[in-house]
Amino acid sequence: MTKLITVDPKKPDMRKIRTAARIIKNGGTVAFPTETVYGLGANALNSKAVKKIYVAKNRPADNPLIVHISNQDDLAILAKSIPPIVKKIIAKYWPGPLTIILEKSDKVPKITTGGQKTVAIRMPSNKIAQLLIKEAKTPIAAPSANLFGKPSPTKAEHVIEDLTGRVDLIIDGGDATIGIESTVVDFTEKNPMILRPGKITQKELEQFGKILIDPSLLGKKRKKIVAKSPGMKYRHYSPDAKIIIVRGDSKKAAAKIKELALKFRTKDRRIAVLSTRKQEKIKSDLIIYLGKNKDTIAKNLYAAFRKCDQKNIDIILSRGSEETGIGFAVMNRMKKAAYKIITV
Ligand code: TXA
Ligand code: MG
């Protein structure tokens with residue numbers, strides 16, 4: 001049986017937080033909001049509890065989880081050592097949408113790290129997430145709270161859709177404010193490397209030293225490069241419909257989308273348009289306004305994908321995003337989900 005509670009993200013009710021924390025302490029599973037996407041949490045140091053996460057999500061056992069902490073002191077419990085550059089970076093960006101990978105300590109069970117010798121760690125800024133970790137008095141392992149192969153959940157209703165009957169508790173704490181997953185940076189090699197782009201960019205991190213980007217994120221041919229992050233080899237974030245991304249000049253892209261909608265829409269083929277223009281007028285079965293800048297696109301993208309699945313859409317025509325700032329991460333998620341990308 002899955003319980004559902006609603007918690008005000010601005011003024012969390014501590015009694016409800018304690019109820020959730022008790023479930024974690026007892027080895028159960030709790031889905032909770034973070035600023036990026038909802039997470040599905042369990043005690044990161046309890047193998048039996050962590051196993052429940054993989055089962056609930058249908059997640060492959062070799063895909064490691066991110067361990068969430070509320071206090072920098074917990075780093076010393078989880079990691080063998082903390083390089084000086086990491087100390088500087090987390091002083092600026094934690095709590096926040098940044099995950100760091102370090103060599104794991106013996107305290108972290110293998111199941112939490114998918115068999116790796118390294119561990120991914122993040123301190124979320126969402127108040128509910130922070131209080132839950134603090135009250136549970138243990139680091140919480142939490143991947144995104146979606147079923148394997150579905151987009152990450154940015155609203156409680158997405159978690160309810162995927163995980164009802166599969167977890168002990170779901171906390172409805174409102175919509176995620178960022179909407180795409182944290183930046184993941186590996187600090188276990190000579191040069192730190194971004195394995196997954198997010199809101200915190202390479203440019204921001206480079207104030208502190210050289211930061212590489214996983215070549216597979218730069219459109220280099222997949223075959224030659226073994227992705228470092230185990231999760232990156234799976235085709236994530238993908239709705240059932242075929243997605244065609246149109247990027248480039250705003251007016252030209254809008255015209256191209258109009259043309260494609262006309263071409264593809266038939267009696268038995270349903271078309272959705274994801275637009276960055278508020279009063280878009282295109283003949284289609286569904287139009288979703290993503291907002292007009294890359295931050296709003298990030299926030300609304302996954303919900304749009306889910307809406308399209310609900311409405312049995314066959315083809316999604318979407319505007320791309322500028323690849324600066326969070327836009328690089330947005331395009332990374334769009335490319336992973338896309339069937340085709342057209343530049344106009
Ligand atoms: O924003 C986020 O990071 C959200 C919220 C809930 O915190 N969590 C999240 O977790 O997106 P998940 O499990 O969906 O994605 C974790 C990613 C995967 O691509 C995984 O392979 C990678 O991080 N990862 C975790 N541990 C790793 C490790 N030790 N080495 C390399 N990659 C790792
Ligand atoms: Mg995920």
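**Figure 1. An open sheet of 11 strands with mixed pairing.** In this predicted model, the strands of the sheet follow the order 1-8-2-3-7-4-6-5-9-10-11. Let us begin at the margins: strand 1 (3–6) and strand 11 (212–213) each have a single partner strand, so one side of each is left without a neighbour in the sheet. If you follow individual side chains in this view, it helps to recall that in a regular strand they alternate between the two faces of the sheet.

**Figure 2. Strands 9, 10 and 11, at one end of the strand order.** Strand 9 (183–186) and strand 10 (residues 193–196) form a hairpin, with six residues between them. Their pairing is antiparallel and rests on three bridges. For a handy landmark, look for Asp 186, which stands opposite Met 193 in strand 10. On to the next pair: strand 10 and strand 11 run parallel and are joined by two bridges. Here Ile 194 faces a partner too, standing opposite Ile 213 in strand 11.

**Figure 3. Gly 173, in the loop between strand 8 (169–172) and strand 9.** Is this glycine buried or exposed? With a relative accessibility of 3%, Gly 173 counts as buried. Its surroundings bring together distant parts of the sequence: Gly 173 and Thr 6 are 167 residues apart along the chain, while their C-alpha atoms are 6.0 Å apart in space. Leaving aside residues up to four places away in sequence, Gly 173 touches Val 7, Pro 9, Pro 33, Tyr 38 and Ile 128.

**Figure 4. Thr 99 and its polar contact with Ser 182.** Thr 99 belongs to strand 5, a strand that spans residues 98–103. Its relative accessible area is 0%, so Thr 99 is buried. The side chains of Thr 99 and Ser 182 are joined by a polar contact of 2.8 Å. Beyond four places away in sequence, the residues that Thr 99 touches include Ile 66, Ala 120, Ile 121 and Arg 122. Also among them are Thr 183, Val 184 and Val 185, and residues 183–186 make up strand 9.

**Figure 5. Helix 4 (residues 84–93) and its buried residues.** Which residues of helix 4 are buried? They are Ile 85, Val 86, Ile 89, Ile 90 and Tyr 93. Seen down the helix axis, these buried residues fall within an arc of 120°, so they line one face of helix 4. The general pattern is a familiar one: an α-helix has 3.6 residues a turn, so residues three or four places apart point the same way. Pro 84 and Ala 91, on the other side of helix 4, are exposed. The cover over the buried residues includes helix 3 (74–78), strand 5 and helix 7 (202–205).

**Figure 6. A cis peptide bond from Trp 94 to Pro 95.** Omega for this bond is near -10°. Pro 95 lies in the loop between helix 4 and strand 5, so named by their order from the N terminus.

**Figure 7. The aromatic pair of Tyr 302 and Phe 305 in helix 9 (residues 294–310).** A pair of aromatic rings is described by the distance of the centres and the angle of the planes. What are the two values here? The rings of Tyr 302 and Phe 305 are 6.4 Å apart from centre to centre, with 50° between their planes, and the pair is tilted. The count of aromatic pairs comes to one. Because they are three residues apart in helix 9, Tyr 302 and Phe 305 are separated by about one helical turn. Tyr 302 has a relative accessibility of 0% and counts as buried, and Phe 305 is buried as well, at 1%.

**Figure 8. Lys 242 over the ring of Tyr 339.** The charged end of Lys 242 sits 4.6 Å from the centre of the Tyr 339 ring.

**Figure 9. Positive phi at Lys 137 and Asn 312.** Lys 137 is not a glycine, yet its phi is near 55°. Lys 137 lies in the loop between helix 5 (127–136) and strand 7 (140–141), and is exposed, with a relative accessible area of 67%. Asn 312, likewise not a glycine, has a phi of about 50°. Where is Asn 312 found? Its place is the loop between helix 9 and strand 15 (315–319). Asn 312 is exposed, with a relative accessible area of 55%.

Technical notes. Residues numbered from 1 in each chain as written. Chains lettered and ligands numbered in written order. Predicted model: local features only at pLDDT ≥ 70, side-chain atom pairs only at ≥ 80, totals over all residues. Heavy atoms only, no water. Pairing = 2+ DSSP bridges. Helix = DSSP H or I, 4+ residues; strand = E, 2+ residues; numbered from the N terminus. Phe/Tyr/Trp six-rings, centres within 6.5 Å; stacked < 30°, edge-to-face > 60°. Buried < 20%, exposed > 50% of the residue type's maximum accessible area, 1.4 Å probe, protein only. Lys NZ or Arg CZ within 6 Å of the ring centre and 35° of its normal. Arc of directions from axis to C-beta. Contact = heavy atoms within 4.5 Å. Polar contact = N/O pair within 3.5 Å; in protein donor to acceptor, adjacent residues only side chain to side chain.
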